[in-house]
Amino acid sequence: MITEHALLPVRPGLESEFELAFSKANPIIASMPGFRKLSLSRSLESPSMYLLLVEWEQLEDHTVGFRQSEQYETWRALLHHFYEPFPVVEHYRSVL
């Protein structure tokens, strides 16, 4: 299993719109092969910052299966305009 980690810096003042758009985008990613689960959390100290954690069966389920799919284009259209700057996404494998 792989965990995708992304800090999502949402432009201030757009948090409610982002959360609504994310609720529309969530079923898109959840329908992808290899998807296991997702959590989206909002920072208490920096309310425009969100933490996205997505569990995938394998790295390629995210990097190839999702990112190269037609569904990703809809995901991108719903969410990417909220970010400033664009998030850094990293992948983690459990060691313990």
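Let me start with helix 1, residues 15-30, which lies across strand 1, strand 2 and strand 3 and runs at about 175° to strand 2; contact here means heavy atoms within 4.5 Å, and angles run from 0 to 180 degrees between N-to-C directions, with axes fitted to C-alpha atoms, for helices over the stretch in contact. Helix 2, in turn, lies across strand 1, strand 3 and strand 4, at about 150° to strand 4.

Before I go on, please keep in mind that this is a predicted model, in which local features need pLDDT of at least 70 and side-chain atom pairs count only at pLDDT 80 or more, while totals for chains, interfaces and linings use all residues. Residues are numbered from 1 along each chain as its sequence is written, and side-chain values use heavy atoms, with hydrogens and water left out.

Now the overall layout: the chain has three helices and four strands, where helices (H or I, at least four residues) and strands (E, at least two) are DSSP runs numbered from the N terminus. From that terminus the elements run β-α-β-β-α-α-β. The radius of gyration, taken over C-alpha atoms, is 13 Å, close to the 12 Å that the globule rule gives for 96 residues, so the chain is as compact as a globular protein of that length; the rule is 2.2 Å times the number of residues to the power 0.38. Along its principal axes, the C-alpha trace spans about 35 × 35 × 20 Å.

How are the four strands ordered in the sheet? They form an open sheet in the order 2-3-1-4, with antiparallel pairing, two strands being paired if DSSP finds at least two bridges between them. Strand 2 and strand 4, the latter covering 89-93, are the edge strands, each pairing on one side only, and the twist averages 20° from one strand to the next.

Within that sheet, strand 2 (residues 35-42) and strand 3 (residues 49-56) are antiparallel and joined by seven bridges, forming a hairpin with six residues between them, and L38 stands opposite V54 in strand 3. Strand 1 and strand 3 pair over eight bridges, also in the antiparallel sense, with I2 opposite W56.

Turning to the largest pocket, about 150 Å³ of space lies in it. Of the 14 residues that line this pocket, E4, R67, W75, H80 and V89 are the closest to its centre. On a 1 Å grid over the protein atoms alone, a pocket is an open set of points where a 1.4 Å probe fits, with protein on both sides within 12 Å along at least five of seven lines, and lining residues have an atom within 4 Å of a point; the volume is the space filled by probe spheres set on the points, which are joined across faces, edges and corners. Strand 1 gives the most to the lining, with three residues.

Finally, the peptide bond from E84 to P85 is cis, with omega near -5°, and P85 sits in the loop between helix 3 and strand 4.
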